[in-house]
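Biologist: I would like to learn how to read a structure one feature at a time. Could we start with burial?

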Amino acid sequence: MGVKVKIFGQEYIIAGEESPEEIQKIAEYVDNKMRIISRMTGNEGLGQTATLTALNVAEEYFETLEKLEQQKAAAEKAKKDVNHYIKMLEETKTSYISAKEQLDQLKSENKNAGDQYRELEKKCSEFENSIFDLQMENIQLKSELEKQDKR
């Protein structure tokens, strides 16, 4: 079953795989193009107008193809860029994990060093107390020695 359309004053029955609405839309496009070209050229003959319309539509078609190729190239470049950035992101994630592990290790080592430092500080304090006690004993012994020397 075909769709009845009117193009440049002529009626046609068009059959195709497209929906009737789509066929009507295409026919209206061609009709409008033919009317514009007819007004521009001042020629109302069907043959010349149809030929000029076909050339005009073919020019639009090839311009559209060129734009499509440019868009495909841009899409391919964008795809490569995305893959590049995904790779950079994965490398950054790996670097981050490695740096975090190193930081955790350094924190642990720092904690151990802090514990060792506090232990050494405690021992130093004990040694200082022992030295002080020994000095006091030494003073006491000297005092006793002096007393005995005087006798």
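Biologist: Is D31 buried or exposed?

Modeller: This is a predicted model, and every value here is computed from it. A residue is called buried when its relative accessible area is under 20%. D31 has 12% relative accessibility, so D31 counts as buried.

Biologist: Where does D31 lie, and which residues does D31 touch?

Modeller: D31 is part of helix α1, which covers residues 20-41. Setting aside residues up to four places away in sequence, D31 touches K6, I7, F8 and G9.

Biologist: Which residues make up the largest nonpolar core?

Modeller: That core has seven residues: V3, V5, I7, F8, I23, A27 and M34. At least two of them come from β1 (3-7), and at least two from α1. A27 shows how one member is placed: apart from its neighbours within four places in sequence, A27 is in contact with V5 and I7.

Biologist: How do I read the pairing of β1 and β2?

Modeller: Start with a general idea about strands. In a regular strand, side chains alternate between the two faces of the sheet. In this model, β1 and β2 (residues 10-14) pair in the antiparallel sense over five bridges. One of the partners to look up is I14 in β2, which is bridged to V3. The two strands form a hairpin with two residues between them. In the turn, F8 has a positive phi of about 50°.

Biologist: How many salt bridges are there?

Modeller: The general idea is that side chains of opposite charge can pair when their charged atoms come close. Counting a side-chain nitrogen of Lys or Arg within 4 Å of a carboxyl oxygen of Asp or Glu, the model has nine salt bridges. One of them joins the side chains of E60 and K33, at 2.3 Å from N to O. E60 is in helix α2 and K33 in helix α1, so this pair ties together parts that are 27 residues apart in sequence. E60 is partly exposed at 23% relative accessibility, while K33 counts as buried at 18%.

Biologist: What about K111 and D115?

Modeller: Their side chains meet in a salt bridge of 3.3 Å, N to O. Both residues lie in helix α2, four residues apart, about one turn of the helix. Salt bridges with shared partners join K111, D115 and R118 into one network. K111 counts as exposed at 53% relative accessibility, and D115 as partly exposed at 34%.

Biologist: Which residues form the nonpolar patch on the surface?

Modeller: Y61, F62, L65 and L68 form it, with about 400 Å² of accessible area together. L65 lies in helix α2, residues 46-150, and counts as partly exposed at 32% relative accessibility.

Notes
Residues are numbered from 1 along each chain as its sequence is written. This is a predicted model: local features need pLDDT of at least 70, side-chain atom pairs count only at pLDDT 80 or more; totals for chains, interfaces and linings use all residues. Side-chain values use heavy atoms; hydrogens and water are left out. Buried means under 20% relative accessible area, exposed over 50%, partly exposed in between (1.4 Å probe, protein chains only). Contact means heavy atoms within 4.5 Å. A nonpolar core is a set of buried Ala, Val, Leu, Ile, Met, Phe, Trp, Tyr and Cys residues joined through side-chain atoms within 4.5 Å. Two strands pair if DSSP finds at least two bridges between them. Patches are made of residues with over 30% relative accessible area and no salt bridge: like charges are joined within 9 Å, nonpolar side chains (Val, Leu, Ile, Met, Phe, Trp, Tyr) within 5 Å. Accessible areas come from the Shrake-Rupley method with a 1.4 Å probe; for residues, only the protein chains shown count as cover.
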